[in-house]
Amino acid sequence: MSTPKIVQAMKPVSNASFVRFGGLAGILLAVTSLVSVAEYYLIVPAAQRLPVTDVASYLTSLAQQPTGTLLFAGLYALIAFWAVIGIPAVYFRIRAVGEAWVFFATLVGEIAAVGTLVSALSQLANLRFLASLSQPSNAMARILFQTPSTVNPFGVMTFGLTAVWFLVISLLMTRAGLPRLLALLGLVAFLDLTVGFVASLIDLPLVANYAALIAGALGGPLFWLWLGILLLLPVPHDEQTGGQTA
């Protein structure tokens with residue numbers, strides 16, 4: 001029985017094209033992260049900045065000037081969306097040096113990225129609803145605002161699982177021929193995110209806020225910008241096998 005011509009004509013799509021797509025996503029992640037930090041401090045009213053010390057004032061301010069906070073939540077969701085694309089691209093770039101470990105990190109990272117995306121969109125919807133209330137600072141609104149996230153409790157997605165991805169990927173990077181300084185930057189991001197997760201667990205919102213600021217303004221953007229550029233570049237033949245020879 002002959003193979004149909006349409007099947008014979010089919011050619012597999014190159015993994016390299018997706019890796020380059022992931023590189024572009026990494027660069028966009030870095031840019032979006034920097035834009036979100038700038039937007040937070042330039043547009044979000046002071047009464048709405050974290051950590052919230054006066055819920056009634058926050059909700060009243062949100063009802064009067066919701067744009068900045070809603071835009072920040074939307075940008076945060078966009079950051080997570082870029083990560084959903086960038087993380088598997090990293091898998092294809094370094095899988096040769098330890099496919100099982102890289103697959104584990106990718107699985108954890110994708111769960112974290114999707115969880116962060118859903119959490120950010122959920123927060124956006126919740127804040128938009130609170131901003132539309134005629135009595136924004138009543139008891140029911142305060143309870144709704146202070147209810148812990150069921151998607152991202154204690155920052156397990158944004159801090160905990162993301163930290164695991166950074167740790168495993170950073171430890172494997174140098175074996176894949178990537179710069180040691182980039183791997184070191186990834187380890188710094190891991191430590192920062194770990195501090196943020198522990199701070200969330202033991203209820204230190206100010207420390208968690210500082211950890212998120214460092215990750216969003218420094219560690220994360222620098223890491224992803226550099227990594228994104230490297231993913232766009234052709235991979236040398238000896239790096240495709242982790243620098244190993246037969």
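## L204 and the nonpolar surface patch

Let us start at L204, a partly exposed residue with a relative accessible area of 38%. In this predicted model, L204 sits in the loop between α8 and α9, the latter covering residues 205–232. Its company on the surface is nonpolar: F154, V195, V198, L201, I202, L204 and V207 make a patch of about 600 Å². The most is given by helix α8 (residues 180–201), which supplies three residues to the patch.

F154, another member of this patch, belongs to the loop between α6 (139–146) and α7. F154 is partly exposed too, with a relative accessible area of 49%.

## The overall build

Stepping back, the chain has 10 helices and zero strands. Along its principal axes, the C-alpha trace spans about 70 × 45 × 30 Å. The chain has 246 residues, and 41% of them count as buried. Its accessible surface comes to about 13,400 Å², with 70% of that belonging to carbon and sulfur atoms.

How do parts of the sequence meet? Among contacts in the chain with a separation of 6 or more, 77% are between residues 24 or more positions apart.

## Inside the protein

The largest nonpolar core has 40 residues, and those with the most contacts inside it are W165, F223, W224 and L227. Two or more residues each come from α2 (15–42), α4, α5 (99–131), α7 (156–173), α8 and α9. Of these, α4 gives the most, with nine residues. A second core, separate from this one, has nine residues, including V55, L59, A131 and A141.

W165 is a good place to look around. Not counting residues up to four places away in sequence, W165 touches I87, V90, A105, T106, G109, F223 and W224. Another spot to visit is T32, in helix α2. Is T32 buried or exposed? T32 counts as buried because its relative accessibility is 8%, below the 20% limit for that class. Beyond its neighbours within four places in sequence, T32 is in contact with L75, L78, I79 and W82.

## Unusual backbone spots

Most residues other than glycine have a negative phi, and most peptide bonds are trans. Against that background, a few places in this chain deserve a look. L50 and P51 are joined by a cis peptide bond, with omega about -5°. P51 lies in the loop between α2 and α3 (55–64).

Which phi value does F154 have? Phi of F154 is near 55°, a positive value in a residue other than glycine. D203 also has a positive phi, near 65°, and is likewise not a glycine. The loop between α8 and α9 holds D203, which counts as exposed at 61% relative accessibility. That loop is also the home of L204.

## How confident is the model?

The mean pLDDT of the chain is 87, and 91% of its residues reach 70 or more. Among the elements, helix α4 (residues 67–94) has the highest mean pLDDT, at 95, whereas helix α10 (residues 237–240) has the lowest, at 50.

Where does pLDDT stay under 50? That stretch is residues 241–246, for which the model has eight contacts beyond four places in sequence.

Note on methods: Residues are numbered from 1 along each chain as its sequence is written. This is a predicted model: local features need pLDDT of at least 70, side-chain atom pairs count only at pLDDT 80 or more; totals for chains, interfaces and linings use all residues. Side-chain values use heavy atoms; hydrogens and water are left out. Patches are made of residues with over 30% relative accessible area and no salt bridge: like charges are joined within 9 Å, nonpolar side chains (Val, Leu, Ile, Met, Phe, Trp, Tyr) within 5 Å. Accessible areas come from the Shrake-Rupley method with a 1.4 Å probe; for residues, only the protein chains shown count as cover. A salt bridge is a side-chain nitrogen of Lys or Arg within 4 Å of a carboxyl oxygen of Asp or Glu. Helices (H or I, at least four residues) and strands (E, at least two) are DSSP runs, numbered from the N terminus. Buried means under 20% relative accessible area, exposed over 50%, partly exposed in between (1.4 Å probe, protein chains only). pLDDT is the predictor's confidence in each residue, from 0 to 100. Contact means heavy atoms within 4.5 Å. A nonpolar core is a set of buried Ala, Val, Leu, Ile, Met, Phe, Trp, Tyr and Cys residues joined through side-chain atoms within 4.5 Å.
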